[in-house]
Amino acid sequence: MKLARFGAVEAGGTNVICMVGSDPDHIVARTRIPTGRPTETLGEVFAFFQHEVSVGGPLAAIGIASFGPLELRRSHPRYGFIRKTPKPGWSDVDMVGPVRSTLGVPVGFDTDVNAAALAEGRWGAARDLKTFVYMTVGTGIGVGAVVEGRILHGLGHPEMGHLSVPRHSGDDFAGHCPFHGDCLEGMASGAAIAARWGRPAEQLDGDELRAAVELEATYLAAGLRNIVYAIAPQRIVIGGSVAELPGLFPLVGAACLDALAGYPGLPEHAADEFIVPATLGSLAGPTGGLVLADHASQPGAVPS
Ligand code: ZN
């Protein structure tokens, strides 16, 4: 069977990854473009895909996985735009329209985190599950929820990185979220760890590292308790640089069980496979773009 040929874009604050392929094992071209000003950066994206089309043939669709916040409501006049973002020059930038008009293919569009969730669901740690959550803990915290096989949208996209978490007893750290101070992201993101300890998580060692990992597990578990109760996920997949801290996963699992306090008492919540590491690593975002492209190319897909 001939594999579909899709394009994928993962637009990040530092780099834009472009890819042509069908799945993580069949990537035929990729490039990394530093994220500069929108017009120039998108021009380089177009040039990459135009070259790939000229040498390898047409693409069935392109999926864009972008940093946010994004306008994802298809009925909204600003559908396909990046909304107000601290990234200089990128507020109110149309991502979908120029890609569609320049490259002439259907375009899928979602947040980088939601795309990564879709990729983990198709090829990674949440394969074959219908309802699961993907959390990335890096500089910030992002969460994508797949519910009954569909990524959860509504009025915008969920922002579960900003859930409220109870303060650990004796913890007087102010928190690092510019909006809420001590929300989940404010207490447990990589930026929060660096602000609390005076250096990035990967530079911690000894007693400090142990203390940081324990505290991290406590706050992540507090956030996950809210997610478990709100979404009822079959599995929670955690990726991002902070998820690689040594010994974190067993502590998060135990702390999450503590936070649930025996309610509702599902044995699945205590199983090792309930909270697991992501498996696609840095491929999750761009291959999530391939999933978005696949969705956009399906007959009956809402034109974007
Ligand atoms: Zn916040």
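**Exercise 1. Backbone exceptions in the loops**

Where is the place of aspartate 92? Use this predicted model to locate the residue, and then describe its backbone and accessibility, together with those of alanine 261.

*Solution.* Begin with location: aspartate 92 sits in the loop between β5 and β6 (93-94). Turn next to the backbone, where aspartate 92 shows a positive phi of about 60° although it is not a glycine. Most residues other than glycine have a negative phi, and most peptide bonds are trans. For the accessibility step, the band between 20% and 50% is called partly exposed, and because aspartate 92 has 37% relative accessibility, it counts as partly exposed.

Repeat the steps for alanine 261, which is found in the loop between α7 and β12. Its phi is near 55°, a positive value in a residue other than glycine. Alanine 261 is exposed, since its relative accessible area is 62% and exposed means over 50%.

**Exercise 2. Cis peptide bonds**

Identify the residues joined by the cis peptide bond that involves proline 69, treat proline 264 in the same manner, and place each proline in the chain.

*Solution.* Glycine 68 and proline 69 are joined by a cis peptide bond whose omega is about 0°, and proline 69 belongs to the loop between β4 (61-66) and β5 (81-82). The second case is the bond from tyrosine 263 to proline 264, which is cis with omega near 0°; proline 264 lies in the loop between α7 and β12 (275-277).

Histidine 269 is likewise found in the loop between α7 and β12. Because its relative accessible area is 11%, histidine 269 is buried. Not counting residues up to four places away in sequence, histidine 269 touches Val228, Leu257, Leu260, Pro264 and Phe274, so that the cis-bonded proline 264 is one of its contacts.

**Exercise 3. The zinc site**

Which atoms coordinate the zinc ion, and what geometry do they give the site?

*Solution.* First list the donors: His162 (ND1), Cys177 (SG), His180 (ND1) and Cys183 (SG) coordinate the zinc ion at 2.1 to 2.4 Å. Then consider the angles among the four donor atoms, which run from 102 to 123°. Four donors count as tetrahedral if all angles lie between 85 and 135 degrees, and the site of the zinc ion is therefore tetrahedral. Along the chain, the donors follow the spacing H-x14-C-x2-H-x2-C.

Finally, compare the accessibility of two of these residues: cysteine 177 is buried, with a relative accessible area of 6%, whereas histidine 180 is partly exposed, with a relative accessible area of 43%.

**Exercise 4. The largest nonpolar core**

Determine which residues of the largest nonpolar core touch the most other members, and which elements give two or more residues to this core.

*Solution.* The core holds 42 residues, of which Met135, Leu220, Leu224, Ile238 and Ile275 touch the most other members. The elements that give two or more residues to it are β8 (132-137), β9 (141-147), α4 (184-188), α5 (190-197), α6 (206-231), β11 (235-239) and α7 (248-260). Among the contributing elements, α6 gives the most, with 13 residues.

For a closer view, take isoleucine 275, which, leaving aside its neighbours within four places in sequence, is in contact with Leu224, Ile236, Ile238, Phe249, Val252, Gly253 and Cys256. Apart from this core lies another, of 29 residues, which includes Leu72, Val93, Met95 and Val107.

**Exercise 5. The largest cavity**

How many cavities of 30 Å³ or more does a search of the whole structure find, and which residues line the largest cavity?

*Solution.* The search finds one cavity of 30 Å³ or more, and the largest cavity contains about 40 Å³ of space. Its lining is made by Met187, Ile193, Arg196, Trp197, Ala212, Leu215, Glu216 and Tyr219. The elements that give two or more residues to this lining are α5 and α6, and the largest share, four residues, comes from α6.

**Exercise 6. Helix α2 and its surroundings**

Name the buried residues reported for helix α2, and state what their cover includes.

*Solution.* Within helix α2 (residues 96-103), Val96, Gly97, Val99 and Leu103 are buried. The cover of the buried residues of α2 includes α1, β4, β6 and β7 (107-111). Just after α2, glycine 104 takes a positive phi of about 65°.

Note on methods
Residues numbered from 1 in each chain as written. Predicted model: local features only at pLDDT ≥ 70, side-chain atom pairs only at ≥ 80, totals over all residues. Heavy atoms only, no water. Core = buried A, V, L, I, M, F, W, Y, C linked by side-chain atoms within 4.5 Å. Buried < 20%, exposed > 50% of the residue type's maximum accessible area, 1.4 Å probe, protein only. Contact = heavy atoms within 4.5 Å. Donors = N, O, S within 2.8 Å, 3.2 Å for Na, K, Ca; no water. Tetrahedral: all angles 85-135°; square planar, octahedral: opposite > 155°, others 65-115°. 1 Å grid on protein atoms, 1.4 Å probe; cavity = no way out; pocket = protein on both sides within 12 Å on 5 of 7 lines; lining within 4 Å. Points joined across faces, edges and corners; volume = space filled by probe spheres on them.
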